[in-house]
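Subject: Structure handover

Hello,

I am passing on the structure we discussed. Please look at it first, then read the notes underneath.

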Amino acid sequence: MNGSLEILRWLEENPTEARTISAAGKLDRSGEEMPEVRIAIVRNYSVELGLHHLKVECYRAHLRPSLYVGQFDNVQQEVLNSSSDLYAFKPDVVVVALRLHTLVPKLIYSFSELAADAVHELTESVLERLTGIVQAIRARSTCVILVHNFELAAIPAAGLLDAQRKDGQQNTIRRLNLSLIDVVTSTTGAYIVDVDHMMAQDGYNRALDDKFWHLCRSPYSLAFQGRLAVEYTKFIRALKGKNKKCLVLDCDNTLWGGVIGEDGIHGIKLGPSHPGSAFLEFQAAIIELYQL
């Protein structure tokens, strides 16, 4: 099993964690000629358990990955030092992977004890720190910068009451994420990785692994780390010109229900009620893609 396509097909037959690790190693050793992509991750949690997923996703995009992982919770020192190993690596992409749990633990673990002024000061300190990190990277590198936003607390500090308060823990983090958009998008070549939305899609209980978090400061399940790898690679594909923008559609039983040549214009299923509503929603999604 030498060719990358053969290895990837073998993985797709049964995409277990063990096979993904094995496939990543085989792909690294395949020696197949591919354009290189250099990916650096600066972080305040352990990412090592998910790196094989990132490698596999890069190979799916026909890119040979070189990876650099910064020291644990040493982000500011690395990005501010022009002579650091980060910049010596000459990355194409830098992922800024930070969690509030380590960055500002009080916002997660002691929120109920904080006065409103203290909450404001802490969130402003987060934004100031992220601004400094993003600007420091941009001043020293032309790489694409991918910045994680912050996941909501899995168990809100005030339970059911938290959702009733504009100044509750969850809404505080939501506002922080909105402000983070301004910090990131005001810098050329910097983008948000919407980690919180991805976790909402997968379910917080499935995405988080508290056991690994306490054992080795690796907060996310192996499956979710695979999802993160897919998300990173979406940006990397665009960076390397690997995106393909073509949508080819059949009409009958795709854009509408039924066969228009047999059922006629009034006999096809397309409208606000079931089953036509599904086709109407699909058409709306196509129009949204066209507008992008």
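The notes below go from the overall picture to the cores, the cavities, the pockets and two local details.

Overall

This is a predicted model. The protein has 292 residues, and 43% of them count as buried. Its secondary structure comprises 15 helices and five strands. Along the principal axes, the C-alpha atoms fill a box of roughly 65 × 55 × 35 Å. Of the contacts between residues at least 6 apart in sequence, 68% join residues at least 24 apart.

Cores

In soluble globular proteins, nonpolar side chains tend to be buried together. The largest nonpolar core here has 66 residues. Those that touch the most other members are Val-96, Leu-100, Leu-130, Ile-137, Phe-150, Leu-228 and Tyr-232. Helix H8 contributes the largest share of this core, nine residues. Another core, of 10 residues, lies apart from it and includes Ile-7, Leu-11, Ala-24 and Tyr-59.

Leu-100 is worth a look in the viewer. Leaving out residues up to four places away in sequence, Leu-100 touches Pro-105, Leu-107, Ile-108, Val-126, Phe-150, Ile-173 and Leu-176.

Cavities

There are two cavities of 30 Å³ or more. The largest cavity holds about 110 Å³ of space. Its lining consists of Ile-41, Tyr-45, Val-47, Gly-50, Leu-51, Leu-54, Gln-225, Leu-228, Ala-229 and Tyr-232. Helices H3 and H13 (222-239) each supply at least two of these residues, and H13 gives the most, with four. By class, the lining of the largest cavity has eight nonpolar residues, two polar and no charged. Leu-228 and Tyr-232, which line this cavity, are also among the core residues that touch the most other members.

The second largest cavity has a volume of about 40 Å³. Around it are Leu-98, Arg-99, Leu-100, His-101, His-148, Asn-149, Phe-150, Glu-151, Val-195 and Tyr-220. That lining divides into five nonpolar, three polar and two charged residues. Leu-100 and Phe-150 in this lining are likewise listed among the core residues that touch the most other members.

Pockets

The largest pocket contains about 370 Å³ of space. It is lined by 17 residues, and nearest its centre lie His-101, Ala-154, Ile-155, Leu-208 and Asp-210. Helices H7 (106-109), H11 (204-207) and H12 (210-216) are the elements that give two or more residues to this lining. H12 gives the most, with three residues. The lining of the largest pocket is made up of 10 nonpolar, three polar and four charged residues. His-101 lines this pocket and also the second largest cavity.

For the second largest pocket, the volume is about 320 Å³. It is lined by 19 residues, with Ala-116, Val-119, His-120, Thr-172 and Arg-175 closest to its centre. Helices H8 (116-140) and H9 each supply at least two residues of the lining. H8 gives the most, with six. Here the classes are nine nonpolar, five polar and five charged.

Two local details

The first concerns helix H2, residues 17-29. Its 13 residues should span 18 Å at 1.5 Å a residue, and the end C-alpha atoms are 19 Å apart, so the two values agree. The buried residues of H2 are Thr-20, Ala-23, Ala-24, Gly-25 and Leu-27. Among the elements covering them are helix H1 (4-13), helix H3 (51-60) and strand E2 (64-69). One of these buried residues, Ala-24, belongs to the core of 10 residues. After H2 comes Gly-31, which has a positive phi, near 70°.

The second concerns Gln-170, which sits in helix H9 (residues 169-185). Is Gln-170 buried or exposed? Its relative accessibility is 11%, so Gln-170 counts as buried. Outside its neighbours within four places in sequence, Gln-170 is in contact with Leu-152, Ala-153, Pro-156 and Asp-162. H9, the helix that holds Gln-170, also supplies at least two residues of the lining of the second largest pocket.

Regards

Terms used
Residues are numbered from 1 along each chain as its sequence is written. This is a predicted model: local features need pLDDT of at least 70, side-chain atom pairs count only at pLDDT 80 or more; totals for chains, interfaces and linings use all residues. Side-chain values use heavy atoms; hydrogens and water are left out. Buried means under 20% relative accessible area, exposed over 50%, partly exposed in between (1.4 Å probe, protein chains only). Contact means heavy atoms within 4.5 Å. On a 1 Å grid over the protein atoms alone, a cavity is a set of points where a 1.4 Å probe fits but cannot get out, and a pocket is an open set with protein on both sides within 12 Å along at least five of seven lines; lining residues have an atom within 4 Å of a point. Grid points are joined across faces, edges and corners, and a volume is the space filled by probe spheres set on the points. Ala, Val, Leu, Ile, Met, Phe, Trp, Tyr, Cys and Pro count as nonpolar, Asp, Glu, Lys and Arg as charged, and the others, Gly among them, as polar. The expected span of a helix is 1.5 Å times one less than its number of residues. A nonpolar core is a set of buried Ala, Val, Leu, Ile, Met, Phe, Trp, Tyr and Cys residues joined through side-chain atoms within 4.5 Å.
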